[in-house]
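The following exercises concern the arrangement of strands, helices and core residues in a single structure. Please work through each task before reading its solution.

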Amino acid sequence: MKPAVFLDRDGTVNVDVGYLCHPDQITLLSRAIEGLRLLRDCALELVIITNQAGVARGLIPPEQLPVIQRAFLRLMRSNGISFAGYYSCPHHPEGILPGYRRACDCRKPAPGLVLQAARELDLDVQHSYVVGDKPSDVQLAHNTGATGILVLTGEGRKHLENYPGDCSPPHMVCDDLYEAARWIAAREGGSSRG
Ligand SMILES: [Mg+2]
Ligand SMILES: [Zn+2]
């Protein structure tokens with residue numbers, strides 16, 4: 001089993017444009033690639049875990065999700081970054097699209113997608129990290145036994161200033177993905193795991 005970094009996408013790796021529905025809207029946050037390269041060099045598996053409720057809400061055509069996923073992964077590969085997995089939840093309990101309007105076990109902070117990734121990719125979740133810009137990302141870490149890092153890009157700063165009382169606090173708060181990667185790399189360098 002290998003440890004992983006479960007990464008939120010919008011607001012963490014790329015600019016959160018609100019219901020991103022076309023590859024042309026993918027703009028990487030500054031230093032995101034540098035951060036991902038650091039994590040890659042720590043021999044951590046990289047996995048995207050993203051809520052895409054825009055599908056259930058009728059704002060993102062379902063057939064666009066794989067198109068965006070392919071474009072995102074292609075952009076990453078062109079920067080030397082390979083993701084071990086990429087998982088999306090298209091559901092929302094108050095959605096309007098039949099089949100997608102439901103309470104599921106894969107919408108963050110529910111652990112479904114992390115558990116699926118762990119099963120499919122043989123990951124050691126207890127020694128893994130979740131990095132994201134929302135309390136639901138941090139709560140996902142707590143719900144799965146991983147270490148949760150809140151980044152202050154995307155909606156991170158807004159959420160930190162008004163952190164919900166019913167959410168577990170982050171293990172660490174970092175300015176951006178690059179700083180989060182540096183913190184993780186320092187911890188991994190200090191551990192005895194090979
Ligand atoms: Mg986000
Ligand atoms: Zn779901």
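Two residues are in contact if their C-beta atoms, placed from the backbone, lie within 7 Å. Helices (H or I, at least four residues) and strands (E, at least two) are DSSP runs, numbered from the N terminus. This is a predicted model, in which local features need pLDDT of at least 70 and side-chain atom pairs count only at pLDDT 80 or more, while totals for chains, interfaces and linings use all residues. Residues are numbered from 1 along each chain as its sequence is written, and chains are lettered from A and ligands numbered from 1 in the order in which they are written.

**Exercise 1.** Determine which strands helix α3 lies across.

*Solution.* Helix α3 comprises residues 112–121. This helix lies across β1 (4–7), β2 (45–51) and β3. Its direction is at about 150° to β3, where axes are lines fitted to C-alpha atoms, for helices over the stretch in contact, and angles run from 0 to 180 degrees between N-to-C directions.

**Exercise 2.** Establish the strand order of the open sheet.

*Solution.* Two strands pair if DSSP finds at least two bridges between them. The six strands follow the order β3-β2-β1-β4-β5-β6, with parallel pairing. At the edges stand β3 (85–89) and β6 (172–174), each paired on one side only.

**Exercise 3.** Identify the bridge partners of F6 and V5.

*Solution.* β1 pairs with β2 over four bridges, and F6 has V47 as its partner in β2. β1 also pairs with β4 (residues 129–132) over three bridges, where V5 is partnered by Y129.
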